[in-house]
Structure formats: structure tokens, C-alpha cells
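Student: I have not seen this one before. Can you walk me through it?
Tutor: Yes, here it is.
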Amino acid sequence: MLANLAYLDKLNPEQRRAVEHGVGVGAATGPLLVIAGAGSGKTNTLAHRVAHLIVNGADPRRILLMTFSRRAASEMSRRVERIAAQVMGTSSGAVTDALAWAGTFHGIGARLLREHSSQIGLDPAFTIHDREDSADLMNLVRHELGLSDAKSRFPTKGTCLAIYSRVVNAQGDLDEVLKTVFPWCAMWGDQLRGLFSAYVEAKQRQNVLDYDDLLLYWAGMMANPAMAAEVAGRFDHVLVDEYQDTNRLQSSVLLALKPEGRGLTVVGDDAQSIYSFRAATVRNILDFPVAFTPPADIITLDRNYRSTQPILSAANAVIELATERFTKNLWTERQSNAKPQLVTVRDETDQARYVVERVLETREGGTPLKSQAVLFRTSSHSGPLEIELTRRNIPFVKFGGLKFLDAAHIKDLLALLRWAENPRDRVAGFRVLQLLPGVGPASSGKVLEAMLDAPDPLRVFVDTPPPPRAAEGWKDLQELMLRLGQRQAGWPVELGYARHWYEPLMEHTYEDALVRQADILQLEQIAGGYPSREKFLTELTLDPPDATSDQSGVPLLDEDYLILSTIHSAKGQEWKAVHVLNVVDGCIPSDLGTGSTHELEEERRLLYVAMTRARDDLHVIVPQRFFVTQQSQHGDRHIYAQRSRFIPRALVPLFDDILWPAVTPASITGIAPAPVRIDISAQMRGMWSK
Ligand code: ATP
Ligand code: MG
């Protein structure tokens with residue numbers, strides 16, 4: 001072993017045991033599970049383990065590291081680099097570059113499929129559909145099968161896709177999934193089966209894969225012994241973070257990669273499992289030890305290094321009340337006199353004002369905006385705060401909400417590139433052709449249909465005479481597609497051509513074309529960071545950048561900005577100060593109507609995840625009035641909210657219980673009245689009814 005391993009001294013004995021597990025005894029050893037509570041250093045330990053493996057001679061190009069987001073993967077690579085560089089003295093970036101297989105399950109899957117495409121009968125030019133494209137294709141197929149008749153109340157395209165995805169990811173049975181998760185769609189079992197089979201066929205004819213396919217095809221590849229051996233043979237070590245949020249399909253891929261568990265390390269926290277709505281199952285982590293003979297080694301960590309004792313005590317108390325038992329009792333040496341704050345405010349407007357005031361105050365105290373975060377249950381809940389931040393000119397970035405790429409004009413341009421990449425991609429083609437004035441669904445559908453099974457689909461398009469009312473634009477598009485198809489210009493110059501064609505159409509379509517033009521410039525900048533069109537499209541589809549306050553894509557790294565994030569997207573991260581919005585029944589837990597115990601418990605874990613993101617300051621905010629969007633006959637309305645049931649009266653003493661703005665008891669009674677609402681349109685309609 002090398003002498004200077006100072007980084008090991010910073011770890012506690014259990015962490016060190018996890019880092020050193022099997023290192024130095026020759027080949028990769030048996031499987032390892034690190035199961036431990038929030039902030040106990042799981043991710044940090046995993047980074048140290050990877051670095052330690054490399055320092056001890058493991059080839060970083062043969063290490064597969066899977067994390068929950070691309071952001072988490074690059075953060076992890078940077079950490080590994082920092083640790084390993086101390087010892088190895090390598091040039092900066094060398095380790096990160098060599099650690100090429102760090103990413104999400106989906107990202108890694110896409111890459112493996114592309115590299116092995118010829119062996120599994122997949123055209124390597126396949127393009128990837130994001131959820132929206134997938135829903136569009138599902139809709140198209142639904143239409144073709146005559147299932148979209150509004151009167152029949154057949155499930156919407158979104159629901160169809162959700163059912164399909166659930167069945168695939170849980171590796172379950174359609175009828176079972178319908179019965180347990182989508183009971184109101186159970187009567188459509190046969191039609192759905194037909195729809196899904198046509199959907200799969202459509203994807204194959206068009207040479208597109210959806211997100212689920214990236215896992216499904218990967219699993220298919222692993223089901224063939226020879227292929228499995230080849231793929232598995234690429235990696236000596238496989239390590240996975242946040243294992244509690246993987247689904248069956250992911251665990252089956254993992255077990256196929258390392259059937260005996262040699263060189264396999266997974267870490268996670270069962271108390272933080274929050275993705276069951278995407279078919280993740282906590283059983284994966286609980287069953288991991290016994291999936292192997294001999295069983296996996298288990299290491300637990302119980303010292304929390306993140307939060308102060310009062311914050312940790314409050315979070316522990318919340319999860320303590322869970323019906324399931326989690327065997328961890330976290331402790332910390334970070335003493336503090338400051339309890340977390342339980343802040344009652346009048347409504348969401350006051351909530352936004354409170355947050356902004358505290359955030360600015362904390363920044364005055366020397367904590368930059370970037371070290372502060374505001375967390376919420378659902379993306380739409382940050383609306384009033386976004387308004388207040390914009391009004392006060394405070395920059396922010398929002399994670400897990402609207403993506404930069406969701407904007408229509410960006411999607412247009414990307415569809416164009418995707419169509420050039422894969423001319424069979426019907427959803428992309430459909431979008432592009434209809435950008436042309438005078439071209440509708442019928443004429444575009446006809447061309448695309450003709451392209452589907454042609455040996456050279458691009459040629460078919462280029463030879464198609466323009467529909468009567470679209471002569472000029474059509475010819476330009478044909479020329480452009482030919483040019484993009486031949487790839488002579490190279491990347492990212494191709495994007496320049498695409499833009500040149502698109503911008504006049506954009507000006508024609510959108511009033512605020514100037515603003516949108518800035519976005520396109522931003523897109524060009526992002527594009528410059530990718531070596532090829534294919535890499536650019538794949539990565540952006542799988543993990544698009546988040547929207548910023550000025551809607552112009554990725555913020556510059558040296559800017560300071562506040563973090564807004566859904567709790568789901570905040571997983572694994574930490575901030576000095578954290579505000580949790582709308583901690584009221586109806587929001588956390590979200591759905592009181594249908595909430596089974598199982599769903600309710602997941603909501604409790606969600607609050608636990610939110611609270612454990614805070615290092616020094618935690619504000620849990622309870623608006624007394626809360627706006628809900630409802631699809632029921634009541635429409636949107638304010639409701640009088642109760643503090644979340646997950647913080648019952650008995651837990652309140654763990655917090656500083658404050659009312660903001662400070663009010664006298666007399667004025668509290670004045671809080672109640674909701675704004676007057678009258679339904680004038682109903683009155684108008686009523687005028688004509690008998
Ligand atoms: P989560 O469950 O939220 O993902 P985690 O268990 O992955 O949390 P980390 O994010 O790895 O925890 O670590 C939490 C914090 O504790 C980080 O700031 C990390 O640097 C710090 N930390 C971890 N281990 C140690 C240690 N041995 N000494 C000092 N700080 C540590
Ligand atoms: Mg972590």
C-alpha cells in the first residue's frame with residue numbers, strides 16, 4: 001500500500017471499514033451494503049472508496065458508478081479526483097476523465113446500448129424520447145387504434161404512459177398493476193394491452209427508445225449469457241448510491257452485472273425511500289444482503305456530520321413516529337442552541353415574504369445564496385415565492401421544475417436535430433413539418449408514413465414534392481435536412497444551420513421572439529460543450545438543465561443564486577439554511593383523499609428528507625391558508641390548512657414555535673376571511689337557462 005493515505009484518517013472506523021472493504025486482497029471481493037441514515041457520510045464514503053480503489057491500482061475506466069442524477073455523478077467524480085490527487089499527484093481532470101462510466105442508470109444504459117447496438121439488432125442511430133415525446137407517440141397510436149374517443153373515457157395519454165411505465169419498471173403484470181395502482185382504468189385491460197403492443201411496435205419501426213427502454217433493453221441484453229458476460233466483463237467494480245430508490249428492473253440489471261456480488265457496493269437509506277411512484281422499491285435494499293451466497297457484508301453508520309443536534313432531534317422525532325421501523329438512531333457532535341423554527345404565517349404570500357426576509361438576512365450574515373435552499377412538495381408550490389424573488393431582484397435556480405428544454409422553441413429546434421439524426425422518428429418529424437405554414441397533420445402524416453419503412457427515409461423526404469401551399473419553406477427544409485443528414489458541417493456548426501432555418505419561422509410564430517432568441521444563443525453555448533450531435537441529444541434528453549430565474553438556461557458558475565427545489569430533487573444534497581414550504585395537511589402529506597397507509601408513510605419520509613438537508617438553520621413553514629388547484633367541481637380555491645400531521649403537538653417543543661409577522665392575539669381573528677369569490681361566468685350561463 002502507498003504511504004500517504006491521510007484521507008483515510010478523516011474517516012470514522014465504520015466509514016473506513018467500508019472504504020477499505022476488500023481493497024488490497026487482490027481481486028474484487030464480496031458484495032458490500034452500507035445502509036445508514038441521512039448525512040452519515042454514505043456518499044462521501046462511496047467517493048472515498050472509489051478513490052481508494054484507484055489509488056490501490058484499480059483501473060478507473062473499469063469502474064461503473066451509478067448515482068441518482070448526472071449532477072450527483074459529476075459532483076462525485078470531482079470528489080474522487082480531489083481525494084486521489086492528494087496521493088497520486090495526477091494532473092487535474094485526469095481521474096475525472098478516466099472515470100468515464102459515472103452517471104445515472106439511464107445514461108449508462110443509453111451508452112451501453114449504443115456501443116453494443118449491432119449485437120442486439122438495434123440501429124445505432126436510435127434517438128431517445130423524453131416523457132413528453134413518449135406521451136405524444138402513445139397518443140398517436142391511441143388515435144390510430146380508435147381509442148381516443150372523448151366519450152369513451154379511455155385513459156389519457158399521460159395515464160396510459162404511466163401505466164405502461166409502471167408495468168415495465170416494476171416488471172409486473174398489467175392486470176395486477178391496474179388493480180392495485182390504477183383501479184379506475186381496470187376495465188380497459190384488453191384495450192391497454194393492445195395499445196401497448198402497438199406502441200412498442202411503433203417505437204421499433206421509428207427506431208426510437210423511451211426512458212424505460214434504456215433499462216429494458218439493457219436488462220434484455222443481460223438475459224443472454226454471452227452478452228451478459230461481455231458487458232459485465234467491462235467492469236471490475238460497480239458502485240451505486242441511493243440504492244433505496246432503484247426499481248426492480250434496475251436491480252435485475254445490477255445483479256446480472258455482478259451475479260456473485262464480487263466488486264459490488266451499494267449504499268442507501270431505507271428511511272429516505274421516496275420514489276415508489278416511479279416503481280422504486282425499498283425491498284431492493286432490504287433484500288440485498290441475502291441476494292448472494294455468502295451474503296453481503298453490511299456496514300451501518302450512525303454518526304451524522306451534517307446537521308446540528310436540535311435539527312437532527314426534530315428530524316429523528318418525525319421519522320420515529322413512522323409505522324415501519326428504521327433501525328437507525330443518528331447522533332451528532334454538532335451542538336447548537338438554535339432550535340429549528342416552526343413558522344406559522346397567514347398565507348402563501350406571507351410565506352414568500354418570510355422566506356425572502358430570512359434569506360437576505362442570512363446572506364448579510366455571510367452565507368451566500370447558494371448555501372441556502374427552499375424546498376417544496378410540488379413544483380407549482382414555489383409560484384408566489386418566484387414572484388417575490390423576481391420582484392426583489394434575487395436570482396434563483398429551480399431544480400426539478402420546468403426544464404429549460406421544455407420551452408416550445410427549444411423543443412422545436414431539438415426536434416429538428418433529432419429528426420436529422422433519425423429521420424424515422426415520427427414525433428420529431430411531426431413537430432418539425434408542422435412548423436411550416438400551410439403544412440398540417442394530414443400532409444405531414446403522409447410523408448412520415450412513407451419514410452417509416454424505406455431503406456433511406458431521408459431520401460424519401462427529399463424527393464417528396466411540396467404540398468400546394470408550402471412550396472418555399474418545404475424546399476428549404478429539404479435542403480437543410482440533406483445537409484444535416486450528410487453531417488458535412490460538423491458539430492456544433494450544424495446547430496447554426498438549423499437555427500438559421502428556424503428563426504424566421506419562430507418570429508412568425510411567437511410574439512416574444514427576441515427573448516426566445518437569447519435562449520437559442522444559450523443553447524448554442526451548451527452545444528459547444530459536446531463532442532457530437534448524438535451525445536448532445538442523448539445527454540440533454542436524459543438530464544436537461546434546469547430553468548433559472550431569467551429563463552436563459554444554465555447560470556454562470558460564479559453567480560450567486562438561491563436554490564429552489566422540489567424535495568425529490570433535493571435528495572442527497574445539503575445546505576446551510578433550508579426552508580421547507582407548506583408543511584400542512586393536504587400538501588405534506590399531499591393527498592388526503594386516497595392516501596393509503598403506504599402512501600402516507602412515503603410522505604412522512606419525504607418530510608424527513610427535506611428536514612435532513614439542513615446543516616445549521618431549518619425553517620418549517622405552515623401557512624394558515626393554502627391555495628389548492630383542484631379538478632373537482634370546486635375548482636381552484638383556498639383552504640384553511642392545518643399543520644402537517646407529521647408534526648403533532650408533542651413534537652412542537654422541539655422547534656421554536658413562532659408566528660410571523662408577530663401579531664397580537666386580537667389581530668389573529670382577522671386572519672381568517674378568504675377573498676370573496678363569485679362565479680360570474682356561471683351567472684351569465686344561468687341567464688339563458690330555464
Ligand atoms: P444523504 O443520506 O442525505 O445522502 P449521506 O449519508 O450521503 O447523506 P454525505 O452527503 O456523504 O452523507 O455527508 C454529509 C456531510 O457530512 C457532508 O458534508 C460530508 O462532507 C460530511 N462528512 C461525512 N463524513 C465525514 C467525516 N468522517 N468527517 C467529517 N465530515 C464528514
Ligand atoms: Mg448521499
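Tutor: One term to begin with: a residue is buried if 20 or more other C-beta atoms lie within 10 Å of its own, exposed if 12 or fewer, and partly exposed in between, with C-beta atoms placed from the backbone. This is a predicted model, where local features need pLDDT of at least 70, side-chain atom pairs count only at pLDDT 80 or more, and totals for chains, interfaces and linings use all residues. Residues are numbered from 1 along each chain as its sequence is written, and chains are lettered from A and ligands numbered from 1 in the order in which they are written.
Student: OK. How many residues of strand β9 are buried?
Tutor: In β9, residues 341-345, 4 of the 5 are buried. Strands (E, at least two residues) and helices (H or I, at least four) are DSSP runs, numbered from the N terminus.
Student: And which residue stands opposite Leu 342 in β14?
Tutor: Val 620 does. β9 and β14 (residues 614-623) pair in the parallel sense over 5 bridges; two strands pair if DSSP finds at least two bridges between them. β9 also runs parallel to β17 (residues 656-659), joined by 4 bridges, and there Thr 344 faces Leu 659.
Student: Different topic. What is the strand order in the open sheet of 6 strands?
Tutor: The order is β3-β2-β6-β7-β1-β8, with parallel pairing. β3 (102-103) and β8 (297-299) are the edge strands, each pairing on one side only. Inside the sheet, β1 (residues 32-35) is joined to β7 (residues 264-268) by 4 bridges, and Val 34 has Val 267 as its bridge partner in β7.
Student: Now helices. At what angle do α15 and α26 cross?
Tutor: Roughly 170 degrees, and the axes of α15 (residues 309-320) and α26 (residues 597-611) come within 9 Å. Axes are lines fitted to C-alpha atoms, for helices over the stretch in contact, and angles run from 0 to 180 degrees between N-to-C directions. The two helices are therefore roughly antiparallel, the word for angles over 145 degrees.
Student: Which residues of α26 make the contact?
Tutor: Arg 604, Leu 607, Tyr 608 and Met 611, against Ile 311, Ala 314, Ala 315, Val 318 and Ile 319 of α15. Contact means C-beta atoms, placed from the backbone, within 7 Å.
Student: Last one: how many residues surround ligand 1?
Tutor: 18, and the closest are Gly 41, Lys 42, Thr 43, Asn 44 and Tyr 305. A residue counts as near if its C-beta atom, placed from the backbone, lies within 6 Å. Helix α3 (residues 42-55) gives the largest share of that shell, 3 residues.

Notes
Parallel < 35°, antiparallel > 145°, perpendicular 65-115°, else oblique. Contact = placed C-beta atoms within 7 Å.
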